[in-house]
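Me: Hi! I am new to reading protein models, so could we go through this one together, a question at a time?

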Amino acid sequence: IMIYVGKGVSPLVSRWCVQALKTLQNRSHLPPQVNAVRWSSSDAPVPRITTHYTVHPRDKDLRWEGVEMERFADEADVVIVGGGPAGLSAAIRLKQLANAQEKELRVCLVEKASQIGAHTLSGACLEPSALNELIPDWKEKGAPLNTPVTEDRFAILTEKYRIPVPILPGLPMNNHGNYIVRLGHFVRWLGEQAEELGVEMYPGYAASEDVFERGMELHAKVTIFGEGCHGHLAKQLYKHFNLRENCQPQTYAIGLKELWVIDEKKWKPGRVDHSVGWPLNRNTYGGSFLYHLNEGEPMVALGLVVGLDYSNPYLSPFREFQRWKHHPSVAPTLEGGSRIAYGARALNEGGFQSLPKLTFPGGLLIGCSPGFMNVPKIKGTHTAMKSGMLAAEAIFAKVTDESLQSETAGVHVPEYEQSLKKSWIWKELYAVRNIRPSFHNYFGLYGGMFYTGVFYWIFRGKEPWTLKHSGKDADQLKPAKDCTPIEYPKPDGKISFDLLSSVALSGTNHEGDQPPHLTLMDDSIPVAKNLAIYDGPEQRFCPAGVYEYVPLETGEGMRLQINAQNCVHCKTCDIKDPSQNINWVVPEGSGGPAYNGM
């Protein structure tokens, strides 16, 4: 299901599609010739039939010849793309302002997941500063913040030992006053608050009949893009409006997470454990978390975050995560327990240096889409929420201005970016701007920790320089011939597990006959470059077993097989592909993971 975001964006933006709006009738299958998707590639010339229409337009593609392209259209004052903390906070704030001033304001929010919160995944340790501003009486309204942090620990891991490191007051990792949450449940609660205020919510809607019908075209004076990390539309906005002209490339990490129910004797509600070091080497950025939740049963959330600027193509973030669980300081907590959920998601790690221009005629960017995550804190929910609130306040003043000359022209809201630069978001991100890039030194992890201890703790980020990132993550892989393969232990089925049984716990599903959402710019490149030079890193950096190289039916050569059904929408393939040949686009509405409070 696709919609166009129209009237208030530019003519080009209004042609771009976003996922997940309930159509007037029903969404369904494409004509047979479009469903004949080629899911593999080889070194022989092949048709570009995995290429998305945003790259290869429909009017030049014979597969779409004769297909009716008429759309239904509707209008709103503000359209919000993405039902995460940022988008929902923007929606809530807009309606709070409108209701307080008794003004009519139609706010529509579209979300690609089947339910609000179903695609949400985070650690998560929530700093409640933005929530206190947005909904001061959140406790009375039943916000699912059930686990205040009671114990905060940090350590360096070696293969056999845990070395405690004190968390000094003022360091970013300090979690005093924060809450351990299941972020999907918190997002669902935010959705309920938005609906009560009158926000129109449109989560994904699955196909049901064999009639092709295009999704609704939705027009707005202003469109807010809060798609989350590495959004499909944001990629296009960056290019068309040159929004990244004056910033450094974004850098990312992949976060892998599991939920476990453990022995009650080992349960410490409110305990927060973070660590760095093993199983990652000193030059691979990353760390782990283990949070003890208080959700009515002895439950823990645990995971590993791996920076996607790693260089060894043989590294598998998923298998590093499974290996980490066997550490002597971790395994005893899990022994005798049962794993109940698994998922993965990419994270923005570029911080202050990588923030793009945030506004353009008819639209703006909020939340993790442009990258407001505070990496040293390992937190982005509070900054995402605040960015949505600031966007709402700036937009409301513009769209309700009685001197507005046109109801159809896209409204430009540069005041949003100006407000951000005066807010605590800007101060917070500026103060920690050098911590992540400080790890790019000979000593890696240990050099970065030294920098943090000296410059951040003493100077609080006021040093008169700004360090640079090492470049795009896709450019960091070394050829396989220059690297040593990594031997990972086999999973034991008790603490560590194989990939496919893990994906099964994510509830992931896509209709098998929908057009591809994992598309290629050129079908010949995976074998000719990725396999030939990097030994097929797609097979290892994907946390869902989507990509695999298999022998050609002729017995000579290999082809890339794309198991799109498994995709958990983490976007890692689009980010880390050394050829930048994979183009992740939105699948049909409601497709993807079905997380329950991840």
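Me: Which strands does helix H6 lie across, and at about what angle does H6 run to E15?

Reply: Happy to help! This is a predicted model, where local features need pLDDT of at least 70, side-chain atom pairs count only at pLDDT 80 or more, and totals for chains, interfaces and linings use all residues. Residues are numbered from 1 along each chain as its sequence is written, and side-chain values use heavy atoms, with hydrogens and water left out. Helix H6 (residues 317-324) lies across E7, E12, E13, E14, E15 and E16, and its angle to E15 is about 135°.

Me: What is the order of the seven strands in the open sheet?

Reply: Helices (H or I, at least four residues) and strands (E, at least two) are DSSP runs, numbered from the N terminus. Two strands pair if DSSP finds at least two bridges between them. The pairing in this open sheet is mixed, and the order is E8-E7-E13-E14-E15-E12-E16.

Me: Why is one side of strand E8 and of strand E16 left without a neighbour in the sheet?

Reply: E8 (162-164) and E16 (338-348) stand at the edges of the sheet. One side of each is left without a neighbour because each has a single partner strand.

Me: How many bridges join strand E12 to strand E15?

Reply: E12 covers residues 252-261 and E15 covers residues 298-307, and the two run antiparallel. Gly-255, for one, stands opposite Val-305 in E15. The number of bridges joining E12 to E15 is nine.

Me: Are helices H2 and H4 roughly parallel or oblique to each other?

Reply: Two packed helices are described by the angle between their axes and the distance between the axes. Axes are lines fitted to C-alpha atoms, for helices over the stretch in contact, and angles run from 0 to 180 degrees between N-to-C directions. The axes of H2 (residues 85-100) and H4 (residues 183-197) come within 9 Å and cross at roughly 25°. Angles under 35 degrees count as roughly parallel, over 145 as roughly antiparallel, 65 to 115 as roughly perpendicular and the rest as oblique, so H2 and H4 are roughly parallel.

Me: What about H8 and H9: are they roughly perpendicular or oblique to each other?

Reply: The axes of H8 (residues 381-399) and H9 (residues 415-422) come within 9 Å, crossing at roughly 140°. The contact (heavy atoms within 4.5 Å) includes Leu-390 of H8 and Tyr-416 of H9. With that crossing angle, H8 and H9 are therefore oblique.
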